[in-house]
Amino acid sequence: MIIVYGLLALIAGVVITFSSTLNAQLGKSIGTYKAALYHNSVGALLATIMAIFTLRDLESGFKSLEQVPLYLYSGGLVTVAVVISTIRLVPKIPIIYTTLSVFIGQFLVGFIIDWYMGIKFSIGRMVGFLIIFLGLALNIYIEVQKQSNS
Amino acid sequence: MYYIFGLLVGGMIAIMVSVNGQLAVHTSIYISASIVHIIASLGTLMLTLLYPQEKEDRDRLPIYYYLTGVLGAIIIVLNNVTFKELGVSITVALMLLGQMIASLFIDSYGLLKMKRVKTGREKAPGLIMMVIGIIVIMLN
């Protein structure tokens, strides 16, 4: 079962790349914020329609809305913060450092959240992180070399 | 200084995955995706009003460029499904791997109006390392 979920996360990554490539091109044409607005409002519309179609969940879902801790609603705002920060960050430092620093931040906070939610931190997890980091750094290095050559 | 900024952006992405995932646990996959997008829409609407970027649509991009939100909804739904089972670190790692594979694919076939870049074999070792690292984290 874990393989199925793993595959779904992998597919999510593939979709992220397609989505952000299209969105970046639209941003160049009509402005980044407007592109993000189109992106989010179409997403809102579709997700709301899906929520209505799965009415059975909807009833219990809405009932629990009041009991949900307020901070769990911050995801949408964090999305906006990520959009702004990325736009401000990307032109300032070389792309290799952008990618790697974002990656390290993701894992540091990811490990902390996992630990908080009961997944123990271990040397093994750290080793796994380092191997991923090296693989990522290697590929970005190859990418940068290629771009400076062409 | 900007490197710390990069760390913060990464941290925010991890928080986003976790917060959206938890909201889905409390409500439902689709309700949470809907809420996240509605709040993000309001936020970006504010941004467009605060910082108007006067640009005319020079290239007249095809309609599907305006519909990436469909993909956005799919991403959040997948995120919400996997977060619960895999935790944040592994979800984030696999998403990253998926992104690298997709970029490689887009570059080598020149999809989505991107310049065709011959890539491939030299990136295999890096990708394999990432897969090994993810397996190591999953086993620990």
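**Confidence and helices of chain A**

I began with confidence by element in chain A of this predicted model, and found that helix 3 of chain A (residues 55-65) has the lowest mean pLDDT, 64, while helix 2 of chain A (residues 32-53) has the highest, 86. For chain A as a whole I noted an average pLDDT of 81, with 87% of the residues scoring at least 70.

I then looked up the spans of two helices in chain A. Helix 1 of chain A, residues 2-30, has 29 residues and reaches 41 Å from its first C-alpha to its last, close to the 42 Å expected at 1.5 Å a residue. After helix 1 of chain A comes A:Gly31, and I recorded its phi as positive, near 105°. Helix 2 of chain A, with 22 residues, reaches 32 Å between its first and last C-alpha, close to the expected 32 Å. I also checked how covered helix 2 of chain A is, and 16 of its 22 residues turn out to be buried, which I enter as mostly covered.

**Layout of chain B**

Turning to chain B, I counted four helices and zero strands, so that my entry for the order of elements from the N terminus reads α-α-α-α. Of the 140 residues of chain B, 52% count as buried. When I took the contacts in chain B between residues at least 6 apart in sequence, 66% of them joined residues at least 24 apart.

**Where the chains meet**

I next listed the contacts between the chains, and found 95 residues of chain B in contact with 92 residues of chain A. On the side of chain B that touches chain A, helix 1 (2-26), helix 2 (29-50), helix 3 and helix 4 (124-139) of chain B each supply at least two residues. The largest share of that side, 31 residues, comes from helix 3 of chain B. Sorted by character, the residues of the side of chain B that touches chain A are 57 nonpolar, 30 polar and eight charged.

**The largest nonpolar core**

I looked up the largest nonpolar core, which has 78 residues, and noted B:Ala14, B:Ala33, B:Ala93, B:Leu94, B:Leu97 and B:Ile134 as those with the most contacts inside it. Helix 3 of chain B (residues 68-109) gives the largest share of this core, 19 residues. Domain 1 (1-92) and domain 2 (94-150) of chain A both give residues to this core, and I therefore place it between them.

Leaving aside residues up to four places away in sequence, I found that B:Ala14 touches A:Gln106, A:Val109, A:Gly110 and A:Ile113 in chain A, together with B:Val88 and B:Val92 in chain B.

**Two residues of chain B**

Is B:Met100 buried or exposed? I entered B:Met100 as buried because 22 C-beta neighbours lie inside 10 Å, where the cut-off for a buried residue is 20 or more. B:Met100 lies in helix 3 of chain B, and, not counting residues up to four places away in sequence, it touches A:Asn139, B:Leu127 and B:Met130. I recorded B:Met100 and B:Leu127 as 27 residues apart in sequence and 7.9 Å apart in space, C-alpha to C-alpha.

Last, I looked up B:Ile63, which is found in the loop between helix 2 and helix 3 of chain B. B:Ile63 has 6 other C-beta atoms within 10 Å and is therefore exposed, the cut-off being 12 or fewer. B:Ile63 and B:Ala102 are 39 residues apart in sequence, and I noted 22 Å between them in space, C-alpha to C-alpha.

Key
Residues are numbered from 1 along each chain as its sequence is written. Chains are lettered from A and ligands numbered from 1 in the order in which they are written. This is a predicted model: local features need pLDDT of at least 70, side-chain atom pairs count only at pLDDT 80 or more; totals for chains, interfaces and linings use all residues. A nonpolar core is a set of buried Ala, Val, Leu, Ile, Met, Phe, Trp, Tyr and Cys residues joined through C-beta atoms within 7 Å. Domain bounds come from an automatic or database domain assignment. Two residues are in contact if their C-beta atoms, placed from the backbone, lie within 7 Å. Ala, Val, Leu, Ile, Met, Phe, Trp, Tyr, Cys and Pro count as nonpolar, Asp, Glu, Lys and Arg as charged, and the others, Gly among them, as polar. pLDDT is the predictor's confidence in each residue, from 0 to 100. The expected span of a helix is 1.5 Å times one less than its number of residues.
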